[in-house]
Amino acid sequence: MSGKSLTQVGGESEGCVVPTKDPNKVPQGTAEELEGRRPNKENSEEPNPSRTQSRAIGSRGLTGVREAAKKDKGQRFTALLHHVTEELLLESYYTLKRQAAPGVDEVTWQEYEQGVEERISDLHGQVHRGAYRAKPSRRVYIPKADGRQRPLGIAALEDKIVQQAMVRVLNSIYEEDFVGFSYGFRPQKGAHEALDALSAGMVRKKVNWVLDADIRGFFDNIDHERLMGLIERRIADPRVLRLIQKWLKAGVSEEGEWSETKVGTPQGAVISPLLANIYLHYVLDRWVNEWRRNNAKGDVIIVRYADDFVLGFQDRKEAERLLEELRERMREYGLELHGEKTRLIEFGRFAATQRKRDGKGKPETFNFLGFTHICSTIHKTGRFTVKRKTVGKKLAAKLKEVKGKLQQRKHGSIAETGKWLRSVVQGYYNYHAIPGNYSRLRSFRHDVARHWWQALRRRSQRPLRWEVFESLMNRYLPRPKILHPYPLERFCAKHPS
């Protein structure tokens with residue numbers, strides 16, 4: 001079937017007309033510069049743009065930068081810092097989370113708002129005079145679902161402001177470079193868009209094998225020197241490069257003790273997701289695009305969200321060959337695929353039949369962005385689909401967190417606790433309420449209610465009857481409701497061509 005032909009997809013897509021075109025393929029006219037096109041020469045040569053061009057870009061602000069980046073994929077931008085204006089810094093301040101924990105400066109968002117215009121003016125002057133100094137990140141730890149601790153780096157407030165402004169400037173360039181299957185921490189993209197793309201690729205393309213990959217300690221192992229070299233392929237403004245280096249070298253402060261950071265970017269810093277995307281854009285995205293165009297005979301799909309990515313293959317041998325070459329590719333850039341968490345599994349429309357024939361049982365599953373992905377079929381048509389449900393460990397960890405906070409609130413009023421639980425349950429639904437996941441939503445609400453009931457019973461001498469509590473539960477805890485459309489529906493709506 002030709003690439004222009006259309007396939008009518010029934011069942012979950014509600015009759016959506018879906019093109020057979022590869023959802024991962026970059027449209028014509030926006031294809032990024034492939035690796036191997038004189039990267040060394042580009043790094044060494046300093047372009048000499050005309051004054052007219054520079055003035056034209058400057059007069060249109062970041063719109064001009066975006067247009068120049070789109071027009072010339074090899075252009076290196078020599079003058080960017082002047083786009084970090086007082087207005088942009090002030091706007092960046094107001095986009096920060098108001099209730100975020102303070103960094104080593106111990107300055108909260110609310111405290112900074114007092115005299116904010118004078119503070120921003122002074123900060124702007126420091127940045128442009130070269131007097132700005134990045135502060136170390138405050139190291140904190142948050143529990144992971146597997147019981148381990150995840151380190152986070154909380155930046156000082158003014159560092160967050162400058163980083164947020166710089167993200168806006170750099171996004172005007174890199175959003176023209178990043179590929180379509182990169183979804184994490186990008187404007188107008190998010191986790192559900194990534195999940196939709198993955199389901200669409202699984203259903204529409206010939207996927208028989210899935211590579212569920214995990215990079216070991218990615219954010220902690222980004223090589224600073226290699227990162228700066230990759231950034232310099234597009235950025236040639238020395239003041240911007242020095243700013244990025246200041247943030248990378250600022251170090252971390254843990255219990256008052258400062259330690260140097262020679263590799264990695266602090267998880268939690270505003271600039272870190274963009275730096276991670278730049279690193280993986282060159283290390284992974286463009287490399288995979290080139291690999292599948294030049295080496296793959298069968299279908300290959302990929303969806304990446306930050307350092308979490310999944311690849312689908314038609315042919316097992318091609319999957320094994322890419323995995324072997326990917327391990328070597330990662331080593332070249334100071335990274336490593338996690339040996340236990342990186343798996344190649346049989347997954348797709350024929351997996352159940354083939355595994356049953358071979359006596360291997362049901363197809364294996366994989367986790368991506370908080371959901372377990374399962375080979376399934378649509379009841380009415382029998383067509384292959386991907387069923388998704390909340391990862392069991394993630395659900396258990398969230399319930400454990402709720403139980404602990406209920407213990408802290410045991411002396412609070414029922415009304416206040418009820419309002420808080422309503423926001424917790426609704427927030428959970430907002431992400432997890434996808435088609436096929438209703439049973440997990442119902443289970444979450446039931447267990448939250450049970451923990452609340454037990455907490456209320458402990459604080460009173462008189463046992464609280466379930467009939468009385470049930471009225472409280474129905475008043476405060478919203479009932480489960482599917483809030484997201486089927487993935488193909490939303491994917492078709494956003495990508496009609």
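In this report a residue counts as buried when its relative accessible area is under 20%, as exposed when that area is over 50%, and as partly exposed in between. With that in hand, let us walk through the side-chain pairings of this predicted model.

**Aromatic pairs around tyrosine 279**

Tyrosine 333 has a relative accessibility of 13%, so this residue is buried under the 20% cut-off. Its ring partner, tyrosine 279, is buried too, with a relative accessible area of 0%. The two rings meet edge-to-face, with 6.3 Å from centre to centre and 90° between their planes. Tyrosine 279 belongs to helix H11, while tyrosine 333 sits in the loop between helix H12 (316-332) and strand E10 (343-346), so this pair ties together parts of the chain 54 residues apart in sequence.

Tyrosine 279 has another ring partner to look at, phenylalanine 218. Here the centres are 6.5 Å apart and the planes stand at 50°, so the pair is tilted. This contact also links distant parts of the chain: phenylalanine 218 lies in the loop between strand E5 (209-214) and helix H9 (224-231), 61 residues away from tyrosine 279 in helix H11 (residues 272-294). Phenylalanine 218 and tyrosine 279 are both buried.

Altogether the model holds 16 aromatic pairs. Elsewhere, ring pairs bring Trp452, Trp453, Trp466, Phe469 and Tyr476 together as a cluster. A ring can also face a charge: the charged end of lysine 189 sits over the ring of tyrosine 183, at 4.4 Å from the ring centre.

**Salt bridges**

Side chains of opposite charge can pair when their charged atoms come close. The model contains 21 salt bridges, and the table shows some of them.

| Basic residue | Acidic residue | N to O distance |
|---|---|---|
| Lysine 73 | Aspartate 177 | 3.9 Å |
| Arginine 168 | Glutamate 91 | 2.7 Å |
| Arginine 226 | Aspartate 223 | 3.3 Å |

Take the bridge between lysine 73 and aspartate 177, with its N to O distance of 3.9 Å. Lysine 73 is in the loop between helix H3 (61-71) and helix H4 (86-95), and aspartate 177 is in the loop between helix H7 (157-174) and helix H8 (191-204), which puts the partners 104 residues apart. Both lysine 73 and aspartate 177 are buried.

The bridge between glutamate 91 and arginine 168 has its closest N and O atoms 2.7 Å apart. Glutamate 91 lies in helix H4 and arginine 168 in helix H7, so the pair ties together parts separated by 77 residues in sequence. Glutamate 91 is partly exposed, at a relative accessible area of 41%. Arginine 168 is partly exposed as well, with 35% relative accessibility. Salt bridges with shared partners also join Lys73, Asp177 and Arg234 into one network.

Arginine 226 pairs with aspartate 223, and their closest N and O atoms are 3.3 Å apart. With 34% relative accessibility, arginine 226 counts as partly exposed.

**The surroundings of arginine 355**

One more arginine deserves a stop on this tour. Arginine 355 is part of helix H13 (residues 351-357). Its relative accessibility is 11%, so arginine 355 falls under the 20% cut-off and counts as buried. Leaving aside residues up to four places away in sequence, arginine 355 touches Glu346, Lys360, Gly361, Lys362, Pro363 and Glu364.

Definitions and conventions
Residues numbered from 1 in each chain as written. Predicted model: local features only at pLDDT ≥ 70, side-chain atom pairs only at ≥ 80, totals over all residues. Heavy atoms only, no water. Phe/Tyr/Trp six-rings, centres within 6.5 Å; stacked < 30°, edge-to-face > 60°. Helix = DSSP H or I, 4+ residues; strand = E, 2+ residues; numbered from the N terminus. Buried < 20%, exposed > 50% of the residue type's maximum accessible area, 1.4 Å probe, protein only. Lys NZ or Arg CZ within 6 Å of the ring centre and 35° of its normal. Salt bridge = Lys/Arg side-chain N within 4 Å of Asp/Glu carboxyl O. Contact = heavy atoms within 4.5 Å.
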